Amino acid sequence: MALSPFPERPNGRDQRLRRRCPEPPNASSLFCASVSPWCNSVNRRPARREFWGRFRRNQAAVAGLVCILGIATLAVFAPAIAPYNPLALGDESLAQPGARHLFGTDDLGRDILSGILHGARVSLSIGLLAALTATGVGVLVGAVAGYYRGSLDDLLMRVTEWFLVIPQFFLVL
């Protein structure tokens, strides 16, 4: 009988191995415990459930998701929620926040709340487009670097690192 760090059952098999690793046809539990590919993926939580379980435990991530979803909801329903046309000029310039204008008005009399709600649509659209563009370029550069390897791979990685350094370079200056 082999030495095992796991608690043993009355029939001599390891309790953890039995629960996680069912025996494939015509294989012993020793084979299953050591080299069988059956042991790696059987009875594991699906990746999606594992991701959401970890995500829910991270309070900062949940708070960020709630904020992004809230802003996106306000941006999508901005035409229905906004009390005024954001481009319409009003007669009350630089009005203080109050019942008529919750965030007040600017120097041309435009409602600031309406401008923020409609501006969120543009900001989210630009952010989404930038993220999709960066993902597409990154996948393309990575695919080319991985396919051709060698000196082209080195060149593309140095160019990528250069782009990552540029924003920090200007902050240092």
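For these notes I take a nonpolar patch to be made of residues with over 30% relative accessible area and no salt bridge, with nonpolar side chains joined within 5 Å. The model I am reading is a predicted one.

**Entry: the nonpolar patch**

With that definition in hand, I looked for such a patch and noted one of about 820 Å² on the surface, made by Tyr147, Tyr148, Leu152, Leu155, Val159, Trp162 and Phe163. I then asked which helices supply it, and found that helix 7 (112-148) and helix 8 (150-172) each give at least two residues, while helix 8 gives the most, with five. Trp162, one of the patch residues, lies in helix 8, and I recorded Trp162 as exposed because its relative accessibility is 52%, where the cut-off for exposed is over 50%.

**Entry: helix 7 from end to end**

I next checked the length of helix 7, whose 37 residues should span 54 Å at 1.5 Å a residue, and the end C-alpha atoms are 53 Å apart, which agrees. Looking for buried positions along helix 7, I listed Leu113, Ser114, Leu117, Ala120 and Ala145. Just after helix 7 I came to Arg149, which takes a positive phi of about 50°.

I also looked up Ser125, which is found in helix 7; Ser125 counts as partly exposed because its relative accessibility is 46%, and partly exposed covers the range between under 20% for buried and over 50% for exposed. The C-alpha atom of Ser125 is separated by 9.8 Å from that of Ala75, although the two residues are 50 apart along the chain.

**Entry: Thr105 in the loop before helix 7**

Where does Thr105 lie? I placed Thr105 in the loop between helix 6 (78-81) and helix 7. Is Thr105 buried or exposed? At 5% relative accessibility Thr105 counts as buried, since buried means under 20%.

I then followed the polar contacts of the Thr105 side chain, and found one of its polar atoms 2.7 Å from the backbone oxygen of Glu92, while the side chain of Thr105 also reaches the backbone nitrogen of Ala95 at 2.7 Å. Leaving aside neighbours within four places in sequence, I noted that Thr105 is in contact with Glu92, Ser93, Leu94 and Ala95, and also with Arg110, Asp111 and Ile112. Glu92 and Ala95 therefore appear both in that contact list and as backbone partners of the Thr105 side chain, within the 3.5 Å cut-off for a polar contact.

Key:
Residues numbered from 1 in each chain as written. Predicted model: local features only at pLDDT ≥ 70, side-chain atom pairs only at ≥ 80, totals over all residues. Heavy atoms only, no water. Patch = residues over 30% accessible without salt bridge, like charges linked within 9 Å, V, L, I, M, F, W, Y side chains within 5 Å. Areas by Shrake-Rupley, 256 points an atom, 1.4 Å probe, with all protein chains shown as cover. Salt bridge = Lys/Arg side-chain N within 4 Å of Asp/Glu carboxyl O. Helix = DSSP H or I, 4+ residues; strand = E, 2+ residues; numbered from the N terminus. Buried < 20%, exposed > 50% of the residue type's maximum accessible area, 1.4 Å probe, protein only. Polar contact = N/O pair within 3.5 Å; in protein donor to acceptor, adjacent residues only side chain to side chain. Contact = heavy atoms within 4.5 Å. Expected span 1.5 Å × (residues − 1).
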